[in-house]
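Open the model in your viewer and keep the selection panel at hand. We will go stop by stop.

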Amino acid sequence: MTTARAGHTEQAGRTEQAGRTEQAGRTRFEPPVGAESGPFWDATREGRLLVQWCTRCDRGIFYPRAFCPYCAGVGGAEVGGPLEWRQASGRATVHAAVVEHRPEAAGAAFADGAPFCIALVDLEEGVRMMTNVVGSPPEDVHSGMAVTVHWEPLSDGRQLALFRPAEGEA
Amino acid sequence: MSREERSLRGAAAVVGVTDDVSPTGELDRTGRELEVAMVLGALEDAGLALADVDGVCHPESAVAFAEYLGVHPTFVESTMTGGSSYEVHLEHAAAAIAAGLCEVVVSVYASTPRSDRTRKRRQPRRGMAGPNPMQEWELPFGLRLPMGPYALAAARHMHEFGTTSEQLAAIAVQTREWAALNPRARYRDPLTVTDVLASPLQVSPLHLLDCCLVTDGAGAFVMTSAARARTLRKPPVYVLGAATCTDHMGITQMPDLTTTPGAVSGARAFAMAGLGPADVDVLMGYDSFTITALLHLEDLGFCAKGEGGPFAAEGGLGPGGSLPMNTNGGGLSFTHPGMYGMFLITEAVRQLRGEADARQVGGAEVAVAHGSGMFLSVLSTAILGTEATL
């Protein structure tokens, strides 16, 4: 899961043939860095999962924003708001999971083009993010399953937060 | 503001419709030529001319299209909400007409993805420009669009309510029964639940036959004030209620995977119309996937939340059923060029005019065109009715 993939170039979900050959069919669209998410991605280089946090609402925000969208509900929305970054435990619960049975149609070929699991997971800190659950037959991943973060390197040193079943989960 | 003050009930009517699809899935015409043909066809249906048009809707650029048409509208509308764009146009056109901004509005759609592919026409890559949250937080995980988000909604619905693949398949089967009555439908052969379950899994739990088609298709509608509508060629189809709601763009941000913002747009549109689900004679509910239609049944109040599976499996959505749904054969079997919402309106209007031939629902007075755009992101509901419903 940690093969370096330098020179691996993707655009809009399409992968360069050369990169694909080099990497034995393992291709992934690599995420751009949004205007507010630099700290998130920087921390992934050290294997730390950060969540943006509003200290006024006392809740996590995902995806990262320039303001807290929940403060609007308490009359205090302001750009830059009382936001900070907190390190997440890396523990999460699967909210919903599906299996892509035609990776080539998705423009993605993980696990040598075998079917793979896409899931929405709820972090212990209360935010929901998309991921792939690995380390389990994809069809066995189910709502309610406990998972933990599992880092997969990207070509530029950042890492992508994947998840795998927690100890004791089938 | 009171409900009465914001009501559009009966203020405007759809007075002309046309559409163009083929059982081959492909059309000969494309681009502007096809769009103009649709506009002229809808105006002809209404007994109006291009010179009457003072409002133009087009989901890319109403300004560019108005220029091409050579008209000088006082109302332009380029809202692009994906498949629900045309229900939104209908709502906004009704409001503009009611407010006196314009009197005759056209909305048009033409898309030829199937023949573009077979004839190797270059198709400009459309979509969201530049980095956006979906690229950063969803697409790296191999999420196939549009199917992936719908599969996640289906998986969660199954987990929470015990909904089954057989129940989802029942929607495809009943929709195909309608398509069998429509000579222009892409697929007309009978379909069974077994057929749907035997079709290849795409993004589980969705099978190939849980998914809409990819076809060419085009259409247009014309709207005007209720007063002017009564002077025209065809029986007016009145806008009784209309409402739109969005609660996310990317599926990661959807507040509840099993409830669409159609629960809001539907309730508001019904309230404006002074009607409820029991009053509906024809439901045109956007069926991009079987799960999409199932969620509409719940969110519009035809059954309780979580009961869409058993409700669909009981039957009643097909010809002769208690809730005729997607009487043209839907996105699942009739046509689906990408933004199918246009065809919800053209079919609803034909049903209310009694022009639906073999698939005509007897005595249809109230029809709902319920559009779903993006990834269950933007739902727009139009309640349409005959003169008798005013």
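This is a predicted model. Start in chain B and select B:Met374: this residue is buried, with 21 other C-beta atoms within 10 Å. The cut-off for a buried residue is 20 or more such atoms, so B:Met374 qualifies. Its backbone deserves a look too. Phi of B:Met374 is near 60°, a positive value in a residue other than glycine. Most residues other than glycine have a negative phi. Where does B:Met374 sit? Look in the loop between strand E8 (366-373) and strand E9 (378-385) of chain B.

Next, select B:Asn326. What is the phi of B:Asn326? The angle is near 55°, again positive in a residue other than glycine. Is B:Asn326 buried or exposed? B:Asn326 counts as buried, because 28 C-beta neighbours lie inside 10 Å. To place B:Asn326, show the loop of chain B that runs between helix H12 (308-313) and helix H13 (330-334).

Stay in chain B for two peptide bonds. Most peptide bonds are trans. Select B:Leu145 and B:Pro146: the bond joining them is cis, with omega about 0°. B:Pro146 belongs to the loop between helix H5 (133-137) and helix H6 (147-161) of chain B. Then select B:Ser204 and B:Pro205. A cis peptide bond joins this pair as well, with omega about 5°. B:Pro205 is in the loop of chain B between helix H8 (193-198) and strand E5 (217-225).

Now use helix H6 of chain B to cross to chain A. H6(B) lies across E6 and strand E7 (116-123) of chain A. Turn the view to compare directions: H6(B) runs at about 115° to E6(A).

Select the sheet beneath that label in chain A. Which strands form this open sheet, and in what order? Five strands of chain A follow the order E8-E7-E6-E9-E10, with antiparallel pairing. Strand E8 (128-132) and strand E10 (159-165) of chain A stand at the edges. Each has a single partner strand, so one side of each is left without a neighbour in the sheet. Neighbouring strands of this sheet are turned by 40° against each other on average, direction ignored.

Zoom in on one pair. Strand E6 (residues 91-100) and strand E9 (residues 146-153) of chain A pair in the antiparallel sense over three bridges. For the last selection, take A:Ala92 and look across to E9(A). Which residue stands opposite A:Ala92? The residue there is A:Val147.

Note on methods:
Residues numbered from 1 in each chain as written. Chains lettered and ligands numbered in written order. Predicted model: local features only at pLDDT ≥ 70, side-chain atom pairs only at ≥ 80, totals over all residues. Helix = DSSP H or I, 4+ residues; strand = E, 2+ residues; numbered from the N terminus. Buried ≥ 20, exposed ≤ 12 C-beta atoms within 10 Å, placed from the backbone. Pairing = 2+ DSSP bridges. Axes fitted to C-alpha atoms, helices over the stretch in contact; angles between N-to-C directions. Contact = placed C-beta atoms within 7 Å.
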